[in-house]
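Biologist: Please take a close look at one residue of this model and then place it against the rest of the protein. How is that residue held, and what sort of background does it sit in?

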Amino acid sequence: MSDTIVAKRYANALFQLAQEQSKLEQFELELKTVGAVLQNNASFYTFLKHPRITSDQKKQVISDSFKSISDELINTMKLLVDRHREETIPEFIHQFITMVNEKKGIADATVYSTRELSENEQQQISNTFAKKVSKKSLIITNIVDPSLLGGIRVRVGNRIFDGSVSGKLNRLERELVSNKR
């Protein structure tokens with residue numbers, strides 16, 4: 001079974017528990033903290049995945065490292081360790097946060113532009129494209145791509161909105177080539 005499917009199942013179970021206990025925001029913040037630790041401390045994540053370290057040692061380190069985090073999250077991570085699914089913890093966190101964002105009407109968007117966008121520009125893009133994908137708002141990640149020549153390209157999930165100059169030139173080229181035949 002793929003890590004994504006496993007992570008989604010655990011995230012879904014924790015999401016349902018969080019809803020029942022009205023702790024969605026708390027769990028989301030705590031999982032973002034755990035995710036930041038895993039991302040910024042590669043040796044910690046390597047330790048968790050190491051096959052020669054016992055499950056009990058890993059669970060003890062999780063308990064010691066995340067004392068301020070709720071028992072439900074600690075127990076979920078310990079369960080993942082018991083089942084030898086340590087490598088799914090980052091994906092589990094991602095899946096849970098995605099579920100919370102879905103409930104809130106928020107989506108992740110990647111905006112490609114020729115220069116760094118200001119906060120105001122990002123907010124305008126969020127307001128405009130959130131309506132197009134039936135969301136309340138977008139969390140924007142801005143990537144600078146000089147090959148666009150101008151304009152922007154927005155990716156929300158599987159949808160791509162291409163308003164770049166290079167995209168328009170490519171479409172024009174395809175139209176001209178197809179009319180030639």
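Modeller: Helices and strands are taken here as DSSP runs, of at least four residues for a helix and at least two for a strand, and they are numbered from the N terminus. The model is predicted. The residue I have chosen is Ser 113, which belongs to strand β1, a run covering residues 106–113.

Ser 113 has a relative accessible area of 2%. Buried means under 20%, so Ser 113 is classed as buried. Its side chain is paired with that of Asn 142 through a polar contact of 3.0 Å. Beyond its neighbours within four places in sequence, Ser 113 touches Asn 142, Ile 143, Val 144, Asp 145, Leu 148, Gly 151 and Ile 152. Strand β2 covers 137–144 and strand β3 covers 152–156. Asn 142, Ile 143 and Val 144 therefore fall within β2, and Ile 152 falls within β3. Asp 145, Leu 148 and Gly 151 have numbers that place them in the loop between those two strands.

That β2–β3 loop also holds Leu 149. In contrast to buried Ser 113, Leu 149 is exposed, at 57% relative accessible area. Its phi is positive, near 75°, and Leu 149 is not a glycine. Most residues other than glycine have a negative phi. His 84 is another non-glycine residue with a positive phi, about 60°. The place of His 84 is the loop joining α5 (71–82) to α6 (89–104). With a relative accessibility of 56%, which is over the 50% cut-off, His 84 counts as exposed.

Now the background. The protein has 8 helices and 4 strands. Read from the N terminus, the order of elements is α-α-α-α-α-α-β-α-β-β-β-α. The radius of gyration is 21 Å, well over the 16 Å that the globule rule gives for 181 residues, so the protein is more spread out than a compact globule. Along the principal axes, the C-alpha atoms fill a box of roughly 70 × 35 × 30 Å.

Of the 181 residues, 38% are buried, and Ser 113 is one of the buried residues. Among contacts with a separation of 6 or more, 65% join residues 24 or more positions apart. The exposed area of the protein is about 11,100 Å², with carbon and sulfur atoms supplying 49% of that area. Charged side chains number 27 positive and 22 negative, and the centres of the two sets are 6 Å apart.

Two C-alpha separations give a sense of scale in the N-terminal part of the numbering. Ser 2 lies in the segment before α1 (3–20) and is partly exposed, at 35% relative accessible area. Ser 2 and Asp 64 are 62 residues apart along the chain, and 29 Å separates their C-alpha atoms. Glu 20 is in helix α1 and is exposed at 67% relative accessibility. From Glu 20 to Phe 44, a span of 24 residues along the chain, the C-alpha separation is 31 Å.

To return to the chosen residue: Ser 113 is buried, is part of β1, and has a 3.0 Å side-chain polar contact to Asn 142.

How values were computed: Residues numbered from 1 in each chain as written. Predicted model: local features only at pLDDT ≥ 70, side-chain atom pairs only at ≥ 80, totals over all residues. Heavy atoms only, no water. Buried < 20%, exposed > 50% of the residue type's maximum accessible area, 1.4 Å probe, protein only. Polar contact = N/O pair within 3.5 Å; in protein donor to acceptor, adjacent residues only side chain to side chain. Contact = heavy atoms within 4.5 Å. Rg over C-alpha atoms; globule rule 2.2 N^0.38 Å. Areas by Shrake-Rupley, 256 points an atom, 1.4 Å probe, with all protein chains shown as cover. Lys, Arg positive; Asp, Glu negative; His and termini not counted. Charge placed at Lys NZ, Arg CZ, Asp CG, Glu CD.
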